[in-house]
Amino acid sequence: MNAHDSEKVIGTLVSKGYTQVDTPEAAELVLYNTCSIRDKAEQKVFHRLQQFKREAGKGKVFGVLGCVAQQEGEKIFEKAPHVSLVAGSASYTKLPEMLVQLEAGGRRVTGLSLDTDETFETPFTRRDNPHRAYITIIEGCDKSCAYCVVPFTRGPERSRTSASAMDEARRLAEEGYTEIQLLGQNVNSYRDPSPPGWDFATLLTRIGEIPGIRRVRFTTSHPRDFVKAIVEAIDENPALCNHVHLPVQSGSNRVLAAMDRLYTRDEYMRRISWLKSARRNIAITTDIIVGFPGETEADFNETLALLDEVQYDSLFSFKYSPRPNTAALAMGDKIPEEEKTRRLTMVQERQRAIQLRRNSEAVGTVQEVLVEGRNQSLGQWIGRTSQNRTLNFSHAGGNDERLLGQYLDVRVTRAGPNSLVGESVM
Ligand code: 5AD
Ligand code: SF4
């Protein structure tokens, strides 16, 4: 989401006559797009701002964008006096005006209002990847998970009209993009604000029907709003990738309730059973938080047991990080840092064994990959399967750059915990 925001900001600036330079040192205007989902990401911003100012900041104009900007607001001007623009993502539609103020000599320009029902749409997105394109379908979040800063930094939920999302997808297909990734904090609660009134499963299906689009992915899903129609859509349309990221956060009902996640373990497992009984072999991945306030050893063991039960294809795991404004801040019974580290390591070790086993099951199969890169030192191509696995492969055709962006069948010959190895099928 954050990376795509940068693409949109760059596109907007370029359309106004700015030029992107190759290095921050060569720039006159330096914009930092920031993340505040966990504390580490936030600390990094201030460190980099200081360091860059010392080394190469002379005479440059600095701006801070994104969630740290939204969260810290004008305090950023005190902490980093060389910054003269602070704007959160809900204000990006006003960026061109803010830049005019900066050019007119403005010293403390801000865009901090969350009071918007618009999404940030721009026809001028500058995309980083020549084959896969992101499309935002919904911004903000109306949930209030006790650990999460997003509702405070990205504001209330607002969906884009289906016509505008479809137009963007069609345009991308015409430009030669073959993979589309639909983005939103909670794509499952997408609701078309215009008369067709499409829900997420309908939008997903329609995007998958656009000629030229070979792969559609989406992220991220909230289990509470994840309906069976999404699984049915995946079953019916091969262009929809057989991968669902369904963040669970914890396997303990007590912790899920304290997190205000709005589902129980059983309700979550019902969604997993829909995915597992689909006709297609749908890969399932998740996010886990360890060390949420009050998480006991017994709660934590339930998370480990959930990993065994679901057998995820991959997961992201995090130590709970206290965030400003969130409900969890006031909760007692904090878990010590060393204990969080121990639990994180246990999750990762358990998952590593599961992944190795899951990936081994793929050995001998033939999978279609989108060729995304080349590992020169290994003499291998880097491909991605529909299930979102990395599949490194050799190709008798040799080192022809034109392979990039193509779809090829690859036979899997070996499996590691994090990727597969294979050879292309001629
Ligand atoms: N501490 C740790 N992890 C967090 N996440 C969100 N907020 C926090 C936090 N305060 C994780 C969740 C979410 C993912 C994007 O980041 O697992 O699904
Ligand atoms: Fe944060 Fe919960 Fe919204 Fe996801 S659903 S962005 S975790 S508040």
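These legends go with several close-up views of a predicted model.

**View 1. The shell of residues around ligand 1.**
Start with the neighbours: I37, R38, Y147, Q249, D287, I289, F318, K319, Y320, S321 and R323 surround ligand 1. Sorted by class, this shell has five nonpolar, two polar and four charged residues. Two strands to look for here are strand 11 (283-290) and strand 12 (314-319), since each gives the shell at least two residues.

**View 2. Polar contacts of ligand 1.**
Now look at individual atoms. On the side chain of R38, an N or O atom sits 3.0 Å from an oxygen atom of ligand 1. The side chain of Q249 also takes part, with a polar atom 2.7 Å from an oxygen atom of the ligand. With S321 the backbone does the job: one of its polar atoms is 2.8 Å from a nitrogen atom of ligand 1. How much of the accessible area of ligand 1 does the protein cover? On its own the ligand has 400 Å² of accessible area, and the protein covers 86% of that.

**View 3. Q249, a residue in a loop.**
You have just met Q249 as a contact of ligand 1. Its place is the loop between strand 10 (243-245) and helix 10 (253-259). Is Q249 buried or exposed? Q249 counts as buried because its relative accessibility is 6%, and the cut-off for buried is under 20%. Its backbone deserves a look too: phi is positive, at about 75°, although Q249 is not a glycine.

**View 4. The residues around ligand 2.**
Around ligand 2 you can find C141, K143, C145, Y147, C148, V150, P151, Q185, H222 and R261. By class, the shell is made of six nonpolar, two polar and two charged residues. Y147 is worth spotting, as it is listed around ligand 2 and also around ligand 1.

**View 5. The second largest pocket.**
This pocket has a volume of about 1100 Å³. It is lined by 34 residues, and the closest to its centre are A27, L29, V30, L31 and Y32. Which helix gives the largest share of the lining? Helix 2 does, with seven residues. Other elements that supply at least two residues each include helix 1 (2-15), strand 1 (29-34), strand 2 (61-65) and helix 5 (95-103). The lining divides into 20 nonpolar, eight polar and six charged residues.

**View 6. A cavity and the residue T116.**
The largest cavity holds about 30 Å³ of space. Its lining is formed by S89, A90, T93, T116, E118, T119, F120, E139 and R158. Of these lining residues, two are nonpolar, four polar and three charged. Let us pick out T116, which belongs to the loop between strand 4 (109-111) and strand 5 (132-136). T116 has a relative accessible area of 15%, so it is buried. A polar atom of its side chain lies 3.0 Å from the backbone nitrogen of E118, another residue of the cavity lining.

**View 7. Two more loops with backbone details.**
Between T219 and T220 the peptide bond is cis, with omega near 5°. T220 lies in the loop that runs between strand 9 (215-219) and helix 9 (228-236). The loop between strand 12 and helix 13 (337-360) contains D333. This residue is not a glycine, yet its phi is positive, at about 60°. D333 is exposed, because its relative accessible area is 56% and exposed means over 50%.

Note on methods:
Residues numbered from 1 in each chain as written. Chains lettered and ligands numbered in written order. Predicted model: local features only at pLDDT ≥ 70, side-chain atom pairs only at ≥ 80, totals over all residues. Heavy atoms only, no water. Near = heavy atom within 4 Å. Polar contact = N/O pair within 3.5 Å; in protein donor to acceptor, adjacent residues only side chain to side chain. Areas by Shrake-Rupley, 256 points an atom, 1.4 Å probe, with all protein chains shown as cover. Helix = DSSP H or I, 4+ residues; strand = E, 2+ residues; numbered from the N terminus. Nonpolar A, V, L, I, M, F, W, Y, C, P; charged D, E, K, R; others polar. 1 Å grid on protein atoms, 1.4 Å probe; cavity = no way out; pocket = protein on both sides within 12 Å on 5 of 7 lines; lining within 4 Å. Points joined across faces, edges and corners; volume = space filled by probe spheres on them. Buried < 20%, exposed > 50% of the residue type's maximum accessible area, 1.4 Å probe, protein only.
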